[in-house]
Amino acid sequence: MKILAIESSCDETAASVVEDGRKVLSDIVASQVEEHKLYGGVVPEIASRRHIESISGVVSEALSEANLGFDGIDAVAVTYAPGLIGALLVGVSYAKGLAMMTEKPLVPVHHIAGHIAANYITHPDLEPPFLCLVVSGGHSHIVEVKSYTEYRVIGRTRDDAAGECFDKVARVLGFPYPGGKYIDEAAKRGRKTAYSFTHPKLSGCEYDFSFSGLKTAVINLVHTASQRGETVSADDLAASFQKTVADILGEKLFAAAKALGSKKLVIAGGVSANSGIREKMKKVADSLGAALYMPELKYCGDNAAMIGAQAYYDFLAGRRADESLNAAATLSLEDISTEFGRQ
Ligand code: KG4
Ligand code: ZN
């Protein structure tokens, strides 16, 4: 079964054709990042306008790279939540029009479910159940993936997402937006032990995260140094900060996996591209005697192939939308199991 998938939840306009949830026939991503860089972050209205301009071309390219016309597609899939509402609406409207015109089924896909499904592409043998750490620009979750379409969120961030924290720290260190990958590069040159930051103590759910304290600590350190006329080594600070984030994520995933007896660990989302975090998760998995699955770097960030992968399993579970499909800026992964006529 070949699914044409569309993703426009943030600042990438993407389309892809995926066969049976695992085989990527085409994968086109038009990034707007150079434009948003000028403003130090995503400007929602600009994002919507660029999606509108790019979407037709991106979809045509995805079809032609897959050597298919609309008649070769069995279903249309689209990210409908969560994300920037104006950005999501562009993809949703386009996909609805396309599904109606071609008389193909329309499959609505949750963006985070898509990030998790990126691993199905990279690892053809991976099947639920497993425990997944999702770390992206907007989300940090520990998710128990019970089946291809059922989730239990067992830990979440109480404030900033991990990617947001990377981007804010990168900004204060003078790196361009989005700064996660620049921190990763700088960290390779720096000393991890140059600075030490405390891990947040949270009451309540022991698998929850908090990154705003760490972000503030780094920002204060840089500002205080500059007021005193001292210089800080961006490389050392990046390395120490990255180590702290990796350790916090590692501790939480370790505790959750141990409690649940999980022997299959998965990571997903833009921040899962981080080399320090990947290294740390490998150690966590080894110490638990668990297998670790990580997406190929090109499927960590936003793309439509991951949406096409998830759409296949959503389709098999009976999820369908009609012309009344709307977008949602926020929607928990746990709330989607019973939507859209899942059987
Ligand atoms: O998943 P994603 O593309 O978009 C969302 O759904 O949010 O994640 C984007 C985030 C940004 O915060 C970006 O800085 C971060 O992923 N990121 C990284 C790396 N590559 C991308 N963070 C740390 N290290 C990286 N190598
Ligand atoms: Zn994303």
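Okay, before the zinc site, one term: by donors I mean N, O and S atoms within 2.8 Å of the metal. Keep in mind that this is a predicted model.

So, the zinc ion, ligand 2. Along the chain its donors follow the spacing H-x3-H-x186-D. That pattern brings together distant parts of the chain: H111 belongs to helix α4, residues 111–122, while D302 sits in the loop between β10 (291–293) and α10 (305–316), and the two are 191 residues apart. Coordination comes from H111 through NE2, H115 through NE2 and D302 through OD, at 2.0 Å. What geometry does the site of the zinc ion have? It's tetrahedral, with angles of 97 to 128° among four donor atoms. For reference, the ideal angle for four tetrahedral donors is 109.5 degrees. And H111 and D302 are both buried.

Next, the strands. β9, residues 264–268, is mostly covered, with four of its five residues buried. β9 pairs with β6, residues 130–135, in the parallel sense over four bridges. β9 also runs parallel to β10, joined by three bridges. Have a look at L265 in β9: its bridge partner in one direction is L131, and L265 also stands opposite L292 in β10.

Last thing, the second largest pocket. We get about 270 Å³ of space there. There are 14 lining residues, and the closest to the centre are K192, Q242, K243, G276 and E279. Helices α6 (180–189), α8 (234–260) and α9 (275–288) each put at least two residues into that lining. How does the lining divide by residue type? Seven charged, four polar and three nonpolar.

How values were computed:
Residues numbered from 1 in each chain as written. Chains lettered and ligands numbered in written order. Predicted model: local features only at pLDDT ≥ 70, side-chain atom pairs only at ≥ 80, totals over all residues. Heavy atoms only, no water. 1 Å grid on protein atoms, 1.4 Å probe; cavity = no way out; pocket = protein on both sides within 12 Å on 5 of 7 lines; lining within 4 Å. Points joined across faces, edges and corners; volume = space filled by probe spheres on them. Nonpolar A, V, L, I, M, F, W, Y, C, P; charged D, E, K, R; others polar. Donors = N, O, S within 2.8 Å, 3.2 Å for Na, K, Ca; no water. Tetrahedral: all angles 85-135°; square planar, octahedral: opposite > 155°, others 65-115°. Buried < 20%, exposed > 50% of the residue type's maximum accessible area, 1.4 Å probe, protein only. Pairing = 2+ DSSP bridges.
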